[in-house]
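Biologist: I'd like to go through this one and ask where each label comes from. Can you set the values against the cut-offs for me?

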Amino acid sequence: TTIADTTFSDPTKVAGVNTIYEEFHPVVSSDGLTIYWESKNFGIASDSSGDIYMNRRASTSVAFANTNIVNLASLNCTGIDFPVAVSPNGCTLYFANNEETGLGASQNFRLYEAHRPASVPSLVTMTLYILGTGSVNS
């Protein structure tokens, strides 16, 4: 059996995720472009029990930007919410919360899944080859 190299670089904070609040349970999409996490940043009903946040980036060669942080309010309750996993296609997020089991006073969680449609590219690059003479109006 071959043991993989266990040498890592010195740890650094993940840009576009860390705030002055506590962050937990990071889950990264299979393409490395989206990260979900729990933050105790004030969220639903101004509670600080923990909400699910998301950040996206255009390429794995760039950092997540602090300006792209989104609270996934439609998934969060007034209790503790955190991501568990994301499907390989990025269209299903599995998460846990304790809304049904006593909210913030309980560490008993229920698992949920939420689906979204496949992303449609916001920008499409097209190449147009025109043969012959005349004009083109747009």
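Modeller: Sure. Let's start with pairing: two strands pair if DSSP finds at least two bridges between them. Keep in mind that this is a predicted model.

Biologist: What makes β1 and β2 a pair?

Modeller: They share 4 bridges, in the antiparallel sense, and the cut-off is at least two bridges, so they count as paired. F24 stands opposite E38 in β2. The two strands form a hairpin with 5 residues between them, and G32 in the turn has a positive phi of about 75 degrees.

Biologist: And how do you know that β2 pairs with β3?

Modeller: By the bridges again: there are 6 of them between β2 and β3 (residues 51–56), antiparallel as well. At least two are needed, so that is a pair too. One of the partnerships is S39 with D51 in β3.

Biologist: Why is S30 called exposed?

Modeller: Its relative accessible area is 60%, and exposed means over 50%, so S30 qualifies. S30 sits in the loop between β1 (23–28) and β2.

Biologist: What makes the link between S30 and P88 a polar contact?

Modeller: A polar atom of the S30 side chain lies 2.8 Å from the backbone oxygen of P88. The limit is 3.5 Å, so the distance fits. The C-alpha atoms of S30 and N89 are 7.6 Å apart, although 59 residues separate the two along the chain.

Biologist: Now β2 itself. Why is it called mostly covered?

Modeller: 6 of its 6 residues are buried, which means each has under 20% relative accessible area. Both faces are covered, with T34, Y36 and E38 on one side and I35, W37 and S39 on the other.

Biologist: How do you know that E38 has no salt bridge?

Modeller: The nearest side chain of opposite charge, K40, is 5.6 Å away. A salt bridge has to be within 4 Å, so K40 doesn't make one. E38 is buried all the same.

Biologist: Which side chain does E38 make a polar contact with, then?

Modeller: With that of H25, at 2.8 Å; the cut-off is 3.5 Å, so the distance passes. Leaving aside neighbours within four places in sequence, E38 is also in contact with residues including F24, S49, D51, I80 and F82.

Biologist: And the protein as a whole?

Modeller: It has 0 helices and 7 strands. Of its 138 residues, 31% count as buried.

Notes: Residues are numbered from 1 along each chain as its sequence is written. This is a predicted model: local features need pLDDT of at least 70, side-chain atom pairs count only at pLDDT 80 or more; totals for chains, interfaces and linings use all residues. Side-chain values use heavy atoms; hydrogens and water are left out. Buried means under 20% relative accessible area, exposed over 50%, partly exposed in between (1.4 Å probe, protein chains only). Lys and Arg count as positive and Asp and Glu as negative; His and the chain ends are not counted. A polar contact is a pair of N or O atoms within 3.5 Å; within protein, one must be able to donate a hydrogen and the other to accept it, and residues adjacent in sequence count only if both atoms are side-chain atoms. Contact means heavy atoms within 4.5 Å.
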